[in-house]
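Please look at the sequence and the model shown here, and follow the explanation with both in view.

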Amino acid sequence: MKLRWLGTDSRDGDSPTLYDTDEDQYVIQGFTITDPDMRAQLNIPDGEEVIRVPKGLMNYLPKGTHEAVDG
């Protein structure tokens, strides 16, 4: 999988960062959710993980490549 940097919401070059891939996916580098109460609300299958990122990071999603979801 080849990564292409899209943007970051970081001031020091760490997390969070958004990448595009050549496999029609995005890769998000963010902060691990370790709070047990929060994790208890999630269904995390083996081989997957969840992270949290600021909403502002989504400004780096390429326009026209995703659809808004009403919710």
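**From one strand to its surroundings**

Val 27 is found in strand β3, and this residue is a convenient place to begin reading the structure, which is a predicted model. With a relative accessibility of 28%, Val 27 counts as partly exposed, because that class takes in the values between under 20%, which is called buried, and over 50%, which is called exposed. If residues up to four places away in sequence are not counted, Val 27 touches Met 1, Leu 3, Thr 17, Leu 18, Tyr 19 and Thr 21. Arg 4 stands 23 residues from Val 27 along the sequence, and the distance between their C-alpha atoms is 9.4 Å.

The next residue to consider is Ile 28, which also lies in β3, a strand made of residues 26–29. Ile 28 is partly exposed, its relative accessible area being 36%. Together with Tyr 26, Ile 51 and Met 58, Ile 28 makes a nonpolar surface patch of about 300 Å².

From β3 we can step back to the strand with which it forms a hairpin, namely β2. Four residues lie between β2 and β3 in this hairpin, and Asp 24, in the turn, has a positive phi of about 60°. The two strands run antiparallel and are joined by four bridges; for Thr 17, the bridge partner in β3 is Gln 29. On the other hand, β2 also pairs with β1, again in the antiparallel sense, over five bridges, and here Leu 3 has Thr 21 as its bridge partner in β2.

How many of the five residues of β2 are buried? The strand is mostly covered, and the count of buried residues is five of five. In a regular strand, side chains alternate between the two faces of the sheet. In β2, Thr 17, Tyr 19 and Thr 21 point one way, while Leu 18 and Asp 20 point the other way, and all of them are buried.

Asp 20 deserves a separate look as a member of strand β2. Its relative accessible area is 16%, so Asp 20 is classed as buried, the limit for that class being under 20%. Apart from its neighbours within four places in sequence, Asp 20 is in contact with Lys 2, Leu 3, Arg 4, Leu 6, Gln 25 and Tyr 26.

Is a residue in the loop before β2, Ser 15, buried or exposed? Ser 15, which lies in the loop between β1 (3–8) and β2 (17–21), counts as buried because its relative accessibility is 16%. Its side chain makes a polar contact of 3.3 Å with the side chain of Gln 29. When neighbours within four places in sequence are left aside, the residues in contact with Ser 15 are Ser 10, Gln 29, Gly 30 and Phe 31.

Finally, we can turn to the whole protein, which contains one helix and five strands, arranged from the N terminus in the order β-β-β-β-α-β. Of its 71 residues, 20% are buried. The protein exposes about 5,900 Å², and 47% of this area is supplied by carbon and sulfur atoms. Among the contacts with a separation of 6 or more, 29% are between residues 24 or more positions apart.

Technical notes: Residues numbered from 1 in each chain as written. Predicted model: local features only at pLDDT ≥ 70, side-chain atom pairs only at ≥ 80, totals over all residues. Heavy atoms only, no water. Patch = residues over 30% accessible without salt bridge, like charges linked within 9 Å, V, L, I, M, F, W, Y side chains within 5 Å. Areas by Shrake-Rupley, 256 points an atom, 1.4 Å probe, with all protein chains shown as cover. Salt bridge = Lys/Arg side-chain N within 4 Å of Asp/Glu carboxyl O. Buried < 20%, exposed > 50% of the residue type's maximum accessible area, 1.4 Å probe, protein only. Polar contact = N/O pair within 3.5 Å; in protein donor to acceptor, adjacent residues only side chain to side chain. Contact = heavy atoms within 4.5 Å. Pairing = 2+ DSSP bridges.
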